[in-house]
Amino acid sequence: MDGPDGEYIRCGTCSIFVWTEPLRGWRRTQALSRRTRMDWAGQVKQLLNVDYPNAETVVLVMDNLNTHNIASLYEAFEPQEAFTLAQRLEIHHTPKHGSWLNIAEIELSALTRQCLDRRIDDLNTLNTELTAWQNATNTDQRQVNWQFTTHDARIKLRHLYPKH
């Protein structure tokens, strides 16, 4: 929204969750008004129970945000449910300052260029746009051609990968 002198007035923020299986060419997106432990836990529950109900283990690679951990499941759900969900997760965090290693960040960049190139002033409209982008992209089964190798990591991130 613009003010009377054309200056941008921010009317709020939201958090966009992006889940992707890069080799399958699948992703799921959803915007929520917040980014809390409860929000993350709810998204993980949907991932495990709806998106991958038959998977024994789901591997998550994600940034180091303080909500992205097993403790969030225990805060959101009864202990037995949290434990059941946690047992199906294998979590790997990208290094701090290494969000560019996170394929979800790459997807967010593509989403921004292809879908979010304008102001969207309400959450329902945003989620409608996200769903349209998600469905079109999933239909194309656009994969992520990841070319960053362990060898590259040992050079670029040598402080994290000691030589043996």
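The exercises below concern a predicted model of one protein chain.

Residues are numbered from 1 along each chain as its sequence is written. In this predicted model, local features need pLDDT of at least 70, side-chain atom pairs count only at pLDDT 80 or more, totals for chains, interfaces and linings use all residues, and side-chain values use heavy atoms, with hydrogens and water left out.

**Exercise 1. Overall layout**

State how many helices and strands the protein chain has, and in which order they come.

Solution.
1. Helices (H or I, at least four residues) and strands (E, at least two) are taken as DSSP runs, numbered from the N terminus.
2. The protein chain has six helices and four strands.
3. Along the sequence their pattern is β-β-α-β-α-α-β-α-α-α.
4. Of the 164 residues, 33% are buried, where buried means under 20% relative accessible area with a 1.4 Å probe, protein chains only.
5. Take the contacts (heavy atoms within 4.5 Å) with a separation of 6 or more: residues 24 or more positions apart account for 63% of them.

**Exercise 2. Helix 4**

Find which residues of helix 4 are buried, and what covers them.

Solution.
1. Helix 4 spans residues 103-114, 12 residues in total.
2. From first C-alpha to last it reaches 16 Å, close to the 16 Å expected at 1.5 Å a residue; the expected span is 1.5 Å times one less than the number of residues.
3. Its buried residues are Ile103, Ala104, Glu107, Ala110 and Leu111.
4. Seen down the axis of helix 4, these fall within an arc of 115°, so they line one face of the helix; the arc is that of the directions from the helix axis to the C-beta atoms.
5. Their cover includes strand 1 (15-21), strand 2 (26-32) and helix 5 (123-140).

**Exercise 3. The aromatic pair**

Classify the pair formed by Trp26 and Tyr52, and locate both residues.

Solution.
1. Rings of Phe, Tyr and Trp (its six-membered ring) pair if their centres lie within 6.5 Å; planes under 30 degrees apart count as stacked, over 60 as edge-to-face and the rest as tilted.
2. A search of the whole structure gives one aromatic pair.
3. The ring centres of Trp26 and Tyr52 are 5.5 Å apart and the planes stand at 80°, so the pair is edge-to-face.
4. Trp26 lies in strand 2 and Tyr52 in the loop between helix 1 (37-51) and strand 3, so the pair ties together parts that are 26 residues apart in sequence.
5. Trp26 is buried, at a relative accessible area of 13%, and Tyr52 is buried, at 17%.

Notes
Buried < 20%, exposed > 50% of the residue type's maximum accessible area, 1.4 Å probe, protein only.
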